[in-house]
Amino acid sequence: MTPDQLLTFACVADTGNISRAAEVLHLSQPAVSGQLRMLQDWFGEPLYRRSGHGIALTDAGERLAEQARQLRQVYRQAQAVRESWRGLETGALRLGASTTPASYLLPGLVADFRHAFPAVSLHLSDGNTREIVERLPALDLAFIEGDVPSGLPADTAVHAWRQDEVVAIVRADHALAGKGAVTLRDLAGSPLVMREPGSGVRRLVERAFSDAGLAPSVGLELAGVEGVKQAVRAGLGVGFVSVMSMRHEDGALAALRLLPRPLTRTLSILVPHADAAARAAGRFLAMCLAIGEADGGD
């Protein structure tokens with residue numbers, strides 16, 4: 001047994017999927033499978049079984065995973081101690097963000113941080129909210145939209161960051177374009193262009209329709225905000241996007257606020273392993289929270 005095998009096993013246990021763990025760890029799938037095989041041979045008992053497209057831990061695997069996570073925690077604490085002595089002259093910061101913060105909020109913050117700490121290696125990955133939460137064990141900070149998922153690791157800190165409004169969008173020549181605001185009932189008969197499952201915007205819109213007792217007609221599913229906007233420009237239906245994404249539109253689309261009250265959600269920052277967070281993560285978090293307070297959380 002080696003520490004690397006236990007750290008790999010901790011990641012596999014968290015993700016429930018060997019290929020996803022390989023992506024998180026930046027290893028090949030055969031390399032991860034090989035480490036698991038050697039660890040299982042050393043332990044002398046099956047640690048996991050195949051389950052659908054992923055894996056399920058055995059009782060022995062659950063017990064060993066607890067120890068593996070503790071080792072990872074100690075490893076991160078040692079890194080934090082090292083960085084506290086060295087300051088921020090070197091280091092790495094791994095950020096993950098769902099579409100809205102990744103596209104419209106983080107670029108400026110990342111630029112400011114890089115200017116202040118040019119020697120810190122910074123990595124930013126994006127995806128929908130579900131994908132970012134799945135990557136949480138390999139991140140220093142995660143920025144997500146909407147409800148904070150249940151079942152996060154106990155050492156994850158959650159910071160409510162900013163408020164965002166979701167609006168409906170139509171082509172500028174659409175019959176509703178000049179109204180400025182509409183109800184969900186006004187839109188229920190139109191084909192809807194929706195984000196992919198796992199998107200924070202999609203969950204929010206579906207819940208709003210359900211609460212209103214309406215069954216929306218989803219005509220098209222697309223990944224990404226720009227895909228939704230392009231489909232709406234092509235006349236394929238009504239879309240829903242963050243109001244932030246409409247700031248620099250060319251007039252081809254019209255944004256419609258939703259009545260009787262705006263459709264809003266909270267953008268949150270998740271800090272995995274908060275009690276052993278690296279100094280770079282702490283500095284970036286402080287910068288984000290300061291900006292959020294200055295903007296009144298909006």
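The exercises below, each with a worked solution, concern helix packing, enclosed and open spaces, and backbone geometry in a predicted model.

**Exercise 1. Helix 1 against helix 3**

Task: Determine at what angle helix 1 and helix 3 pack, and which residues make the contact.

Solution. Begin with the two elements themselves: helix 1 covers residues 3–15 and helix 3 covers residues 29–43, and they pack at an angle of about 110 degrees with their axes 9 Å apart. Next, classify that angle: values from 65 to 115 degrees count as roughly perpendicular, and helix 1 and helix 3 are therefore roughly perpendicular to each other. The sense of the crossing, in which helix 1 passes helix 3, is left-handed. Then list the participants: helix 1 contributes Asp4, Gln5, Leu6, Thr8, Phe9 and Val12, while helix 3 contributes Val32, Gln35, Leu36, Met38 and Leu39. Sorting the residues of this contact of helix 1 with helix 3 by class gives seven nonpolar, three polar and one charged.

**Exercise 2. Helix 1 against helix 2**

Task: Decide how helix 1 is placed relative to helix 2, and identify the residues through which the two helices meet.

Solution. The angle at which helix 1 and helix 2 pack is about 125 degrees, and their axes are 8 Å apart. Since the roughly perpendicular class runs from 65 to 115 degrees and the roughly antiparallel class takes angles over 145, helix 1 is therefore oblique to helix 2. The crossing of helix 1 past helix 2 is right-handed. On the side of helix 1 the residues are Thr8, Cys11, Val12 and Thr15, and these meet Ile18, Arg20, Ala21, Val24 and Leu25 of helix 2. By class, the contact of helix 1 with helix 2 holds six nonpolar residues, two polar ones and one charged. Reading this list beside that of the previous exercise, Thr8 and Val12 appear in the contact with helix 2 and also in the contact with helix 3.

**Exercise 3. The enclosed spaces**

Task: Establish how many cavities of 30 Å³ or more the structure holds, and describe what lines them.

Solution. The count comes to two cavities of 30 Å³ or more. For the largest cavity, the space amounts to about 40 Å³, and the lining is made up of Thr99, Thr100, Glu145, Arg195, Val201, Val225, Phe240, Val241 and Ser242. Assigning these residues to elements shows that helix 5 (99–104) and strand 10 (238–242) each supply at least two of them, with strand 10 giving the largest share, three residues. The class division of the lining of the largest cavity is four nonpolar, three polar and two charged. Turning to the second largest cavity, its volume is about 30 Å³, and the residues that line it are Asp14, Arg72, Leu136, Pro137, Pro153, Pro272 and His273. This second lining has four nonpolar residues, one polar residue and two charged residues.

**Exercise 4. The open spaces**

Task: Describe the largest pocket and the second largest pocket by volume, by the residues closest to the centre and by the elements that supply the lining.

Solution. The largest pocket has a volume of about 1100 Å³. Its lining consists of 40 residues, of which Val24, Arg76, Arg94, Ala138 and Leu139 are the closest to the centre. Among the elements that each supply at least two lining residues are helix 1, helix 2 (18–25) and strand 3 (92–98), whereas helix 4 gives the most, with seven residues. The classes in this lining are 20 nonpolar, eight polar and 12 charged.

The second largest pocket has a volume of about 350 Å³. Of its 15 lining residues, those closest to the centre are Leu184, Ala208, Pro260, Arg261 and Leu263. Helix 8 (184–187), helix 9 (200–211), strand 11 (253–259) and strand 12 (263–271) are the elements that give two or more residues to this lining, and the largest share, four residues, comes from helix 9. The lining divides into 10 nonpolar, one polar and four charged residues.

**Exercise 5. Backbone exceptions**

Task: Say which residues a cis peptide bond joins, and where His26, a residue with positive phi, is placed.

Solution. As background, most residues other than glycine have a negative phi, and most peptide bonds are trans. The cis bond joins Leu259 and Pro260, with omega about 10 degrees. Pro260 lies in the loop between strand 11 and strand 12, and this proline is also one of the residues closest to the centre of the second largest pocket. For His26, phi is near 60 degrees, and the residue is placed in the loop between helix 2 and helix 3.

Technical notes: Residues numbered from 1 in each chain as written. Predicted model: local features only at pLDDT ≥ 70, side-chain atom pairs only at ≥ 80, totals over all residues. Heavy atoms only, no water. Axes fitted to C-alpha atoms, helices over the stretch in contact; angles between N-to-C directions. Parallel < 35°, antiparallel > 145°, perpendicular 65-115°, else oblique. Left-handed = near helix turned anticlockwise from the far one by under 90°. Contact = heavy atoms within 4.5 Å. Nonpolar A, V, L, I, M, F, W, Y, C, P; charged D, E, K, R; others polar. 1 Å grid on protein atoms, 1.4 Å probe; cavity = no way out; pocket = protein on both sides within 12 Å on 5 of 7 lines; lining within 4 Å. Points joined across faces, edges and corners; volume = space filled by probe spheres on them.
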